[in-house]
Amino acid sequence: MRITFFLASLILAGCSADIPDTDYFPLQKGVVWEYQVNELFGSRQSQREFTIENLGETQFKEGEVFAEDTISVRHTSDGTDYYILKDDTGVYRAARRTLIEYQPRFEKSLVRILPNNKDLEVGRSWTVPTKPYALHATASFAVPDPRKRDINLQFEIKSVTDTVEVPAGTFERCIRVEGTTVLTLYVDPKLGYQDIPITQTEWYAPGVGLVKLVREEPLTMELFKGGVISYELSRFYP
């Protein structure tokens, strides 16, 4: 349910004492984000809730990667823990651990989430490895699953002054980053291979963090279809 602007103002005022208004990716223990997730896959549309909670800081064992660094843990409602490193160059994902994994699985190299504040300017760019989220086969044909393909999104800061309206309220001075790539996919026997544009747009609000994310993977073919996934902040508990 959409909260009023007055209530949204109270939430932001409450977090200002603990989270600096220059922080676009808060890692303080106990902070919780709740998102409304909308998924459109072909003609199928669904909605669900998604939660992120900061669990606090941890240290990796001696001899492990990043053993000398302080790592923050973020837990999501799907059971995944993300291990985040924040230093004077930016914010990075160092590892992750799913429900079926006993130990964290380290990234091949640090995955940048955002640069440091000094480099938060239009035109700043970096690359993020990921996979398709929405592309899927329409039936159980003997075709490769596109969601298993490795892709690299080229992210770039497009704005530092966006105003974003989501169920949690209206947020100003948001950073907008856009990631783009092209996935070449064998779509059917007649057309053969086609280039599928993939775009991910994220908005980060000062003192709050991620307030909106949209992943677009457009495709409508006999064997494969794409879709759109969006996350919008619905509640924020600093």
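**Exercise 1. In this predicted model, determine whether Tyr35 and Tyr231 are buried or exposed, and classify the geometry of their ring pair.**

Solution. Tyr35 is buried, and Tyr231 is buried as well. For Tyr231 the relative accessible area is 19%, which is under the 20% that marks a buried residue, and therefore Tyr231 is counted as buried. A pair of aromatic rings is described by two quantities, the distance of the centres and the angle of the planes. The count of aromatic pairs in the model comes to 5. For Tyr35 and Tyr231 the ring centres are 6.4 Å apart and the planes stand at 75°, so this pair is edge-to-face. Because Tyr35 belongs to strand S1 (residues 32-41) and Tyr231 to strand S13 (residues 224-237), the pair ties together parts that are 196 residues apart in sequence.

**Exercise 2. Classify the ring pair of Phe50 and Tyr231, and state which residues the ring pairs link into a cluster.**

Solution. The centres of the Phe50 and Tyr231 rings lie 5.5 Å apart with the planes at 85°; since planes over 60 degrees apart count as edge-to-face, that is the class of this pair. The pair links distant parts of the chain, with Phe50 in strand S2 (residues 44-58) and Tyr231 in strand S13, 181 residues apart. Phe50 has a relative accessibility of 11% and counts as buried. Taken together, ring pairs link Tyr35, Phe50 and Tyr231 into a cluster.

**Exercise 3. Which residues have the most contacts inside the largest nonpolar core, and what does Leu233 touch?**

Solution. The largest nonpolar core has 53 residues, and those with the most contacts inside it are Phe171, Val211 and Leu233. Strand S10 (residues 169-188) gives the most to this core, contributing 7 residues. Leaving aside residues up to four places away in sequence, Leu233 touches, among others, Trp33, Tyr35, Val166, Phe171, Leu210 and Val211. Another core, of 9 residues, lies apart from the largest one and includes Ile71, Tyr92, Ala94 and Ala95.

**Exercise 4. Which residues are closest to the centre of the largest pocket, and which charged end sits over the ring of Tyr133?**

Solution. The largest pocket holds about 1500 Å³ of space. It is lined by 48 residues, of which Tyr82, Arg93, Arg96, Thr130 and Tyr133 are the closest to its centre. Strand S6 (residues 105-115) provides the largest share of this lining, 9 residues. Over the ring of Tyr133 sits the charged end of Arg215, at 4.0 Å from the ring centre. A further case of this kind is Arg74, which lies over the face of Trp33 at 4.3 Å from the ring centre.

Key: Residues numbered from 1 in each chain as written. Predicted model: local features only at pLDDT ≥ 70, side-chain atom pairs only at ≥ 80, totals over all residues. Heavy atoms only, no water. Phe/Tyr/Trp six-rings, centres within 6.5 Å; stacked < 30°, edge-to-face > 60°. Helix = DSSP H or I, 4+ residues; strand = E, 2+ residues; numbered from the N terminus. Buried < 20%, exposed > 50% of the residue type's maximum accessible area, 1.4 Å probe, protein only. Lys NZ or Arg CZ within 6 Å of the ring centre and 35° of its normal. Core = buried A, V, L, I, M, F, W, Y, C linked by side-chain atoms within 4.5 Å. Contact = heavy atoms within 4.5 Å. 1 Å grid on protein atoms, 1.4 Å probe; cavity = no way out; pocket = protein on both sides within 12 Å on 5 of 7 lines; lining within 4 Å. Points joined across faces, edges and corners; volume = space filled by probe spheres on them.
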